[in-house]
Amino acid sequence: MTAKIIDGKLLATKVKAQVSIAVSELNKKNIFPGLATIIVGNDAASSIYVKNKGKSAKEVGIESFQYELPENVLEKDLLELINKLNLNNAVDGILVQLPLPIHINSNQVIDSIDPSKDVDGFNVLNAGKTFIGRDSVIPCTPLGCLLMLRSINIELRGKNAVIIGRSNIVGKPMAQLLLNEDCTVTIVHSKTNNINKIVKKADIIIAAVGIANLVKESWVKKGAIVIDVGINRIQVEDKNKLVGDINFDEVKDIASYVTPVPGGVGPMTIACLLMNTVFQSAKRNSISIPDNLKKLF
Ligand code: NAP
């Protein structure tokens, strides 16, 4: 193995420790950050993610309000709950776990969240601000990927970055963040021709697809930095296994850095959610972001 591992679990522990310090500082000013999570239906994986988010919030001193709604909840009842949370001063962040059942208009739900409480950064105002490089709430997964890249202290300016996947929650905001870092950015997707040849030119690869082991050794330039966002459940010898979009066993021998799955981007996403909650809490109370968190940027 030649690649160094970017340990998301370790980095997330460090970020969470700083978030915890920042929460204590806010508490001294009588500010108590709060995060509300809403899950609709009983998808096992989503339920675990949301519970972990609530648990992590409590660990760093953020108040957690968890709402579990039935699969057949009416859209108007979900919107009513969000409206109540928008008006509740104890809540600084509102997260609605996606995907939502098909009878619910996800865009309408996301846009109903008060932009100052949109800790996922998905609503149209925050997404627009991210797109034009203005101060906004940066979506947690791309932010986590950026902090992982920064953690290895390499010059990002001028690097050729290829992002595989163009979703609103990962691929597109990731492209914008890397453009802001002066990378030259290419996004590839399911209709891209000769995808392997394009990826092979990348100094930085961000894979956010949802296809197990899609990126093979032959796609990767020697020395590339590879960030694996994918989370895929596969069966290996009758056992469930969690793997990414990168074929880790192959790519570790050619990349210079690679993130593992599990233990890579996933924990960083949660750490960034907690950080975003503290940012929004500070902003909503018209005080500056605690200095120790500013230093993470
Ligand atoms: P998504 O909305 O389904 O988007 C997937 C993207 O991959 C689409 O742009 C799609 O292209 C593209 N794609 C599909 N097949 C492809 C192929 N054969 N070659 C190249 N591109 C292809 O997914 P997402 O929400 O961005 O999530 C992507 C993955 O990241 C999933 O595994 C998800 O579970 C994981 N994820 C992890 C975290 C975390 O915290 N670690 C957070 C969010 C998501 P088209 O646009 O052309 O359809």
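Contact here means heavy atoms within 4.5 Å. The model described below is predicted.

## The six-stranded sheet

One sheet has 6 strands and is open. Its strand order is β1-β11-β8-β7-β5-β6, and the pairing is parallel. The edges are β1 (4-5) and β6 (184-188), and each of these pairs on one side only. Helix α6 (residues 140-151) packs on this sheet. There, α6 touches β7 (204-207) and β8, and its direction makes about 150° with that of β8.

## Strand β8 and its neighbours

Strand β8 covers residues 225-228. On one side, 2 bridges join β8 to β11 (residues 257-258), and the two strands run parallel. Ile225 stands opposite Tyr257 in β11. Val226 has Val258 of β11 as its bridge partner. β8 also pairs with β7, again in the parallel sense, over 4 bridges. In that pairing, Ile206 is matched with Ile227 in β8.

Are the two faces of β8 covered or open? Both are covered. Ile225 and Ile227 lie on one side, Val226 and Asp228 lie on the other, and all of them are buried.

## Helix α6: length and burial

Does the length of α6 fit its residue count, and why? At 1.5 Å a residue, its 12 residues should span 16 Å. The end C-alpha atoms of α6 are 16 Å apart, which agrees.

How many residues of α6 are buried? The count is 10 of the 12, so the helix is largely enclosed by the rest of the structure. Buried means under 20% relative accessible area. The buried residues of α6 are Cys140, Thr141, Pro142, Leu143, Gly144, Cys145, Leu146, Leu147, Met148 and Leu149. Their cover includes three helices, α1 (8-28), α7 (171-180) and α10 (265-284), along with strands β7 and β8. After α6 comes Asn153, whose phi is positive, near 55°.

## Where α6 meets α10

Helices α6 and α10 pack at an angle of about 110°. Their axes are 8 Å apart. The two helices are therefore roughly perpendicular to each other. Angles of 65 to 115 degrees count as roughly perpendicular.

Which residues meet here? From α6 come Cys140, Thr141, Leu143, Gly144, Cys145, Leu147 and Met148. From α10 come Val265, Met268, Thr269, Cys272, Leu273, Met275 and Asn276. By class, this contact has 10 nonpolar and 4 polar residues, with no charged ones.

## The three-stranded sheet

Another open sheet has 3 strands, in the order β3-β2-β4. Its pairing is parallel. The edge strands are β3 (63-69) and β4 (93-96), and each pairs on one side only. Ignoring direction, neighbouring strands here are turned by 15° against each other on average.

Strand β2 (residues 34-40) pairs with β3 in the parallel sense, over 7 bridges. Gly34 has Glu63 in β3 as its bridge partner.

## Helices on the three-stranded sheet

Helix α2 (residues 44-59) packs on this sheet. α2 touches β2, β3 and β4, and its direction makes about 160° with that of β3. Helix α3 (residues 75-87) lies across β2, β3 and β4. α3 runs at about 180° to β2.

Conventions
Residues numbered from 1 in each chain as written. Predicted model: local features only at pLDDT ≥ 70, side-chain atom pairs only at ≥ 80, totals over all residues. Heavy atoms only, no water. Pairing = 2+ DSSP bridges. Axes fitted to C-alpha atoms, helices over the stretch in contact; angles between N-to-C directions. Expected span 1.5 Å × (residues − 1). Buried < 20%, exposed > 50% of the residue type's maximum accessible area, 1.4 Å probe, protein only. Parallel < 35°, antiparallel > 145°, perpendicular 65-115°, else oblique. Nonpolar A, V, L, I, M, F, W, Y, C, P; charged D, E, K, R; others polar.
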